[in-house]
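User: I'd like to learn how to read a model like this one, feature by feature. Could you walk me through it?

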Amino acid sequence: MNTQNFIHDLEKLVEAQRPLTENTILDEEGIWDSLALVSTIALIDQHFSIKASGMQLASCKTLGDIIKLIHSFQEVNV
Amino acid sequence: MKSYFSGINIHSISTALPKNQLDLRDFEKQYGEKEVNRIISSTGIQSVPVADLNQPISDFFQAAVENLIQQCDLEKSSIDGLVVVTQTPDHPLPATSTILQHKLGLSKDTIAFDINYGCSGYIYGLYQAAMLLSSGGCKRVIVCAGDLLTRCLNPKEQNVRMLFGDAVSATLVEKGDKDKELHFLIKTDGSGANYLKRENSASDSYLYMNGAKVMEFALREVPPIIEELLLLQNWKKEEVGTFALHQANQFMVRYLQKKLHLSEEAVPVAVEKTGNTGPASIPLMLSLQHKALKANAQLEKTILCGFGVGLSWGAVSCNLTETSIFDPIYL
């Protein structure tokens with residue numbers, strides 16, 4: 001549920017043209033710039049209590065990359 | 001660093017801004033309407049005050065202090081401490097506080113010094129005032145906190161150009177009744193010094209900000225320092241009327257408010273026509289919203305929290321119910 005809500009908020013944040021899928025390249029379907037990146041750091045913290053770094057997020061090209069990043073934090077904490 | 005003072009009263013607060021406003025819509029030609037809309041809706045900033053390049057910050061401080069003196073009917077001779085917190089002094093040397101002491105016509109018995117801090121600087125200024133007063137050296141200290149940061153911004157960098165505004169504040173701190181307590185927490189992490197930086201004082205050296213790193217820092221450090229201060233003060237979150245956070249932008253303040261599980265009402269935002277005004281942002285928010293905060297009895301248990309360049313962050317608990325807070329003046 002968290003992930004669904006997160007994706008919904010991320011779609012609004014990047015002003016996605018259509019619903020985001022795992023393979024969506026963020027920069028092509030929306031706006032993936034420094035403002036979006038800073039906002040996404042906060043969004044991930046809000047939904048998952050995870051503090052991703054700007055550098056980690058900057059290397060994410062797709063929604064799938066972001067989800068993988070979130071999962072990598074969750075695995076560490078299990 | 002933890003520090004507790006009693007018998008220190010935040011007597012009054014005044015602020016001064018440039019008349020000239022830069023409308024962020026003016027950037028539409030440069031960045032496009034859609035992009036400007038997106039930034040405005042995220043930051044909550046519509047326009048920012050911009051001082052003329054020939055206006056030194058001491059002129060703004062002078063106006064804010066004189067407004068305070070006039071409104072509170074103070075004797076200049078009763079002021080014996082002047083603390084200036086700024087990153088945009090009139091000159092690299094001498095200290096702007098010395099220039100201001102002369103402009104204001106304060107006594108030569110005044111101790112005057114500058115502190116080079118930004119968005120956490122208001123807390124540092126209040127802390128210095130509390131120390132000067134509690135040491136017995138001073139009876140009345142004015143803390144002048146503010147920056148004219150727009151002159152340090154690269155015109156080509158929208159991430160800073162559309163965020164920062166110019167403003168100053170003057171706060172009179174004096175000895176008061178024993179029940180006037182201030183509880184300070186101040187912290188430093190110089191490992192982040194490069195994330196907010198101006199390399200040297202040459203005129204072509206612009207402010208650099210790594211927005212993502214600053215965001216990470218604020219998320220990591222601001223909620224814990226506020227929780228720590230609440231614990232120290234033995235206050236419950238819901239008892240605190242106002243959490244006056246550094247007004248970085250609407251997104252940051254609202255995010256921290258949600259993170260701390262606070263109501264929107266308890267965490268005021270006032271950036272629409274000011275932007276991020278660095279060390280002036282906390283007193284400026286109080287100056288813009290004091291009528292509503294007083295009317296709603298929100299100033300008895302107040303927490304002020306600044307965070308930024310250094311990296312440094314600090315918070316203080318106080319009671320501002322009897323503090324005279326004035327509307328901003330424009331020059």
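Analyst: Sure, we'll take confidence, fold, cysteines and a pocket in turn. Keep in mind that this is a predicted model.

User: Then confidence comes up right away. What is the mean pLDDT of chain A?

Analyst: The general idea is that where pLDDT is low, the predicted coordinates should not be read in detail. Here, chain A averages 87, and 95% of its residues score at least 70. Going element by element in chain A, helix H4 (residues 54–58) has the highest mean, 91, while helix H2 (residues 26–29) has the lowest, 82.

User: OK, on to the fold. How many helices and strands are there in chain A?

Analyst: Chain A has 5 helices and 0 strands, so to speak a plain α-α-α-α-α pattern along the sequence. The radius of gyration of chain A is 11 Å, close to the 12 Å that the globule rule gives for 78 residues, so chain A is as compact as a globular protein of that length. Its C-alpha trace spans about 35 × 25 × 20 Å along the principal axes, and 47% of the 78 residues count as buried.

User: Now the cysteines. How many disulfides does a search of the whole structure find?

Analyst: For a disulfide, you look for two cysteine sulfurs within 2.5 Å. The search over all chains comes back with 0.

User: Why is Cys152(B) without a bond?

Analyst: Because the closest cysteine sulfur, in Cys119(B), is 12 Å away, too far for a bond. Cys318(B) is in no disulfide either: the nearest cysteine sulfur there belongs to Cys305(B), at 12 Å.

User: And is Cys318(B) buried or exposed?

Analyst: The cut-off for buried is under 20% relative accessible area. Cys318(B) counts as buried at 3%, and Cys152(B) is buried with a relative accessible area of 3%.

User: Last one, pockets. What volume does the second largest pocket have?

Analyst: About 650 Å³. I'd go from volume to lining: 38 residues line this pocket, and the closest to its centre are Asn159(B), Leu163(B), Met209(B), Gly211(B) and Asn249(B). By character, the lining divides into 21 nonpolar, 13 polar and 4 charged residues.

User: Which element gives the largest share of that lining?

Analyst: That's H2(B), with 5 residues. Both chains take part: helix H3 (34–48) of chain A supplies at least two lining residues, as do several elements of chain B, including helix H7 (211–233) and strand E13 (302–308).

How values were computed. Residues are numbered from 1 along each chain as its sequence is written. Chains are lettered from A and ligands numbered from 1 in the order in which they are written. This is a predicted model: local features need pLDDT of at least 70, side-chain atom pairs count only at pLDDT 80 or more; totals for chains, interfaces and linings use all residues. Side-chain values use heavy atoms; hydrogens and water are left out. Buried means under 20% relative accessible area, exposed over 50%, partly exposed in between (1.4 Å probe, protein chains only). pLDDT is the predictor's confidence in each residue, from 0 to 100. Helices (H or I, at least four residues) and strands (E, at least two) are DSSP runs, numbered from the N terminus. On a 1 Å grid over the protein atoms alone, a cavity is a set of points where a 1.4 Å probe fits but cannot get out, and a pocket is an open set with protein on both sides within 12 Å along at least five of seven lines; lining residues have an atom within 4 Å of a point. Grid points are joined across faces, edges and corners, and a volume is the space filled by probe spheres set on the points. Ala, Val, Leu, Ile, Met, Phe, Trp, Tyr, Cys and Pro count as nonpolar, Asp, Glu, Lys and Arg as charged, and the others, Gly among them, as polar. The radius of gyration is taken over C-alpha atoms; the globule rule is 2.2 Å times the number of residues to the power 0.38.
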